[in-house]
Amino acid sequence: MTALLEVRDLTVRYAGRRRRAEPLVAVDGVSFEIKAGETLALVGESGCGKSSTAAAVLRLRRPDGGEVRFGGVDLATLDESALRGLRPALQPVFQDPYGSLSPRLRIRAAIAEPLRVQGRWDPATGPARVAELLDLVQLDRSLAGRLPHELSGGQCQRVGIARALASEPRLLVLDEPVSALDPSIRAGVINLLTRLQADLGLAYLFISHDLRLVRHLAHRMAVMRQGRIVESGDTAEICAMPSSAYTRALLDAVPPFPPSHFRK
Ligand SMILES: Nc1ncnc2c1ncn2[C@@H]1O[C@H](COP(=O)(O)OP(=O)(O)OP(=O)(O)O)[C@@H](O)[C@H]1O
């Protein structure tokens, strides 16, 4: 099967703080691919370049080098008007569930917003679509009239996922999607993501520093260090026999697995 997302030699640089300072190379020649229905986890310590990679894949930031081919089209070089047509297919889910939602927008409006922005809101069918999206993320329809602060963190993150699904994406970029949540509700959101992938055939770029989650969720993983991928491949194989000493050190720091509350 051909890849849905192909990233080749991706480079992201940030200008130095002081004038004439050397730019910081946050992502340095990173390559990976993701097929439809597959999860690739990007793992590594804080500051290794995971979020910068995600921002370049989502074209929130124009890469300084390399290719980001989505469905064969290189997003790295597209202008904003050409990107507009492709953006619905690649959707982000961020770490902070409250920060991702406007505090004054009721849940039904928050879920409908992407459809309105994309000019796809139909007053005749829209409310039923919002209800369907609430069902998809296993939220009670009665929550539609609430404001974000009236919901728990886990419920808000489900709203964030429903908003992403409203665009009928093919790829979700999940940047630490459960690390801000209470440990007791993380498993519920992870199980939801697993089920959505099976039902909708979604591909996930899953960014996490939590290797227990990665072992549970990701078909393949890529380990980043100082902007580069030091090891990548099948998650189970890497976890059983890492070829890089750095990966081994990351794995050795992880408590025993699996937590019993994850659905197998
Ligand atoms: N907007 C920015 N301007 C300047 N430097 C940045 C910017 N964003 C990130 N960096 C730097 O780029 C490097 C990679 O950061 P990035 O956030 O991509 O790493 P990360 O692996 O996602 O880390 P974390 O897990 O802490 O989010 C770090 O050295 C960071 O300080």
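The following questions and answers walk through a predicted model, from the ligand shell to the nonpolar core.

Student: Which element gives the largest share of the shell around the ligand?

Tutor: The residues around the ligand include Leu 24, Ala 26, Lys 50, Ser 51, Ser 52 and His 209. Two elements, strand 2 (24-34) and helix 1 (50-57), each give two or more residues to this shell. The largest share, three residues, comes from helix 1.

Student: By class, how many residues of the shell around the ligand are polar?

Tutor: Among the residues around the ligand are Gly 44, Ser 46, Gly 47 and Gly 49, and Gly counts among the polar residues here. By class, the shell has four nonpolar residues and one charged residue, while the number of polar residues is seven.

Student: Which helices do the buried residues of helix 3 pack against?

Tutor: Helix 3 spans residues 107-117, and its buried residues are Ile 107, Arg 108, Ala 110, Ile 111, Ala 112, Pro 114 and Leu 115. Just after this helix, Gly 119 takes a positive phi of about 70°. The buried residues of helix 3 pack against helix 4 (126-136) and helix 5 (153-166).

Student: Which element gives the largest share of the largest nonpolar core?

Tutor: In soluble globular proteins, nonpolar side chains tend to be buried together. The largest nonpolar core in this model has 70 residues, and those with the most contacts inside it include Leu 40, Ile 111 and Ala 162. Leu 40, for its part, touches residues including Phe 32, Ile 34, Leu 205 and Met 221. The largest share of this core, seven residues, comes from helix 5.

Key. Residues are numbered from 1 along each chain as its sequence is written. This is a predicted model: local features need pLDDT of at least 70, side-chain atom pairs count only at pLDDT 80 or more; totals for chains, interfaces and linings use all residues. A residue is near a molecule or strand if its C-beta atom, placed from the backbone, lies within 6 Å of it. Helices (H or I, at least four residues) and strands (E, at least two) are DSSP runs, numbered from the N terminus. A residue is buried if 20 or more other C-beta atoms lie within 10 Å of its own, exposed if 12 or fewer, and partly exposed in between; C-beta atoms are placed from the backbone. Two residues are in contact if their C-beta atoms, placed from the backbone, lie within 7 Å. A nonpolar core is a set of buried Ala, Val, Leu, Ile, Met, Phe, Trp, Tyr and Cys residues joined through C-beta atoms within 7 Å. Lists of a residue's contacts leave out its neighbours within four places in sequence.
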